[in-house]
Amino acid sequence: MSNAASFLEKWHAAVKHSDMDLLSTIVAEDASLLSPAFWKPREGKDKVLMVLAAVTDTFEGLTYTKEWVDGNELILEFSTSVGGKQMKGIDRITLDENGKLKEIEVLIRPMNGLMALAAALDERLKGIADKKHRFSDTA
């Protein structure tokens, strides 16, 4: 099985079942995530996983509709909604030599869907950051 095929099998299972442990096995330590919902990339496995977990919890009815594979370069087209706002997007994923996610760039339209997503992620990620900060203060 190719790197891309193995990655996609695990990616779809992890997303479908919100399985962050499985997702963690296919994300490289030096991974980065680029999204129009953020001003700058999120870099490092922990930050990428934090955003992917928040997105998985935020998207309503996520459906992947098409896939394109060119070696270790993947494009996954999806449709979903956030807060009743319908949207379409793509995940452009680059795999490293070990078949792990090295970079994911997310593109979303229309603008009102992107704005709903950005607002929802802001709330979720603030909550996650607050919890991590509280736990680290007591440890």
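## Strand pairing around β6

In β6, leucine 107 is the bridge partner of isoleucine 90. The model discussed here is predicted. The pairing of β6 with strand β5 (residues 85-95) is antiparallel and comprises 8 bridges. Between β5 and β6 there are 5 residues, and the two strands form a hairpin. Glycine 99, in the turn of this hairpin, has a positive phi of about 80°.

Strand β6, residues 101-109, also pairs with strand β1, residues 27-34. These two strands run parallel and are joined by 4 bridges. Serine 32 has glutamate 103 of β6 opposite it. In a regular strand, side chains alternate between one face of the sheet and the other.

## Salt bridge between helix α3 and strand β1

The structure has 6 salt bridges. One of them is formed by lysine 45 and glutamate 29, with an N to O distance of 3.6 Å. Lysine 45 belongs to helix α3 (residues 45-58) and glutamate 29 to strand β1, so the contact ties together parts that lie 16 residues apart in sequence.

Are the two residues of this pair buried or exposed? Lysine 45 has a relative accessibility of 13%, so it counts as buried. Glutamate 29 is exposed, because its relative accessible area is 61%.

## Salt bridges between strands β4 and β5

Glutamate 73 and arginine 92 form a salt bridge in which the closest N and O atoms are 3.6 Å apart. Because glutamate 73 is in strand β4 (residues 73-82) and arginine 92 is in strand β5, the pair ties together parts separated by 19 residues in sequence. Glutamate 73 has a relative accessibility of 36% and therefore counts as partly exposed. Arginine 92 is also partly exposed, with a relative accessible area of 23%.

Lysine 88 and glutamate 77 form a salt bridge as well, and their closest N and O atoms are 4.0 Å apart. Lysine 88 is in strand β5 and glutamate 77 in strand β4, so this pair links distant parts of the chain, 11 residues apart. At 34% relative accessibility, lysine 88 is partly exposed. Glutamate 77 has a relative accessible area of 17%, which means that this residue is buried, the limit being under 20%.

## A network of salt bridges

Which residues are linked with Glu73 in a network of salt bridges? They are Arg92, Glu103 and Glu105. Glutamate 103 has already appeared in the strand pairing, where this residue of β6 stands opposite serine 32.

## The cavity

A search of the whole structure finds 1 cavity of 30 Å³ or more. The volume of the largest cavity is about 210 Å³. Its lining consists of 20 residues, and those nearest the centre are Leu52, Val55, Phe59, Asp91 and Val106.

Which elements give two or more residues to this lining? They are α1 (3-16), α3, β3 (60-70), β6 and α4 (111-138). Helix α3 gives the most, with 4 residues. By residue type, the lining has 17 nonpolar residues, 2 polar and 1 charged.

Two of the elements described earlier thus return here. Helix α3, which carries lysine 45 of the salt bridge to glutamate 29, is among the contributors to the lining. Strand β6, the partner of β5 in the antiparallel pairing, also gives two or more residues to the lining.

How values were computed
Residues are numbered from 1 along each chain as its sequence is written. This is a predicted model: local features need pLDDT of at least 70, side-chain atom pairs count only at pLDDT 80 or more; totals for chains, interfaces and linings use all residues. Side-chain values use heavy atoms; hydrogens and water are left out. Two strands pair if DSSP finds at least two bridges between them. A salt bridge is a side-chain nitrogen of Lys or Arg within 4 Å of a carboxyl oxygen of Asp or Glu. Buried means under 20% relative accessible area, exposed over 50%, partly exposed in between (1.4 Å probe, protein chains only). On a 1 Å grid over the protein atoms alone, a cavity is a set of points where a 1.4 Å probe fits but cannot get out, and a pocket is an open set with protein on both sides within 12 Å along at least five of seven lines; lining residues have an atom within 4 Å of a point. Grid points are joined across faces, edges and corners, and a volume is the space filled by probe spheres set on the points. Ala, Val, Leu, Ile, Met, Phe, Trp, Tyr, Cys and Pro count as nonpolar, Asp, Glu, Lys and Arg as charged, and the others, Gly among them, as polar.
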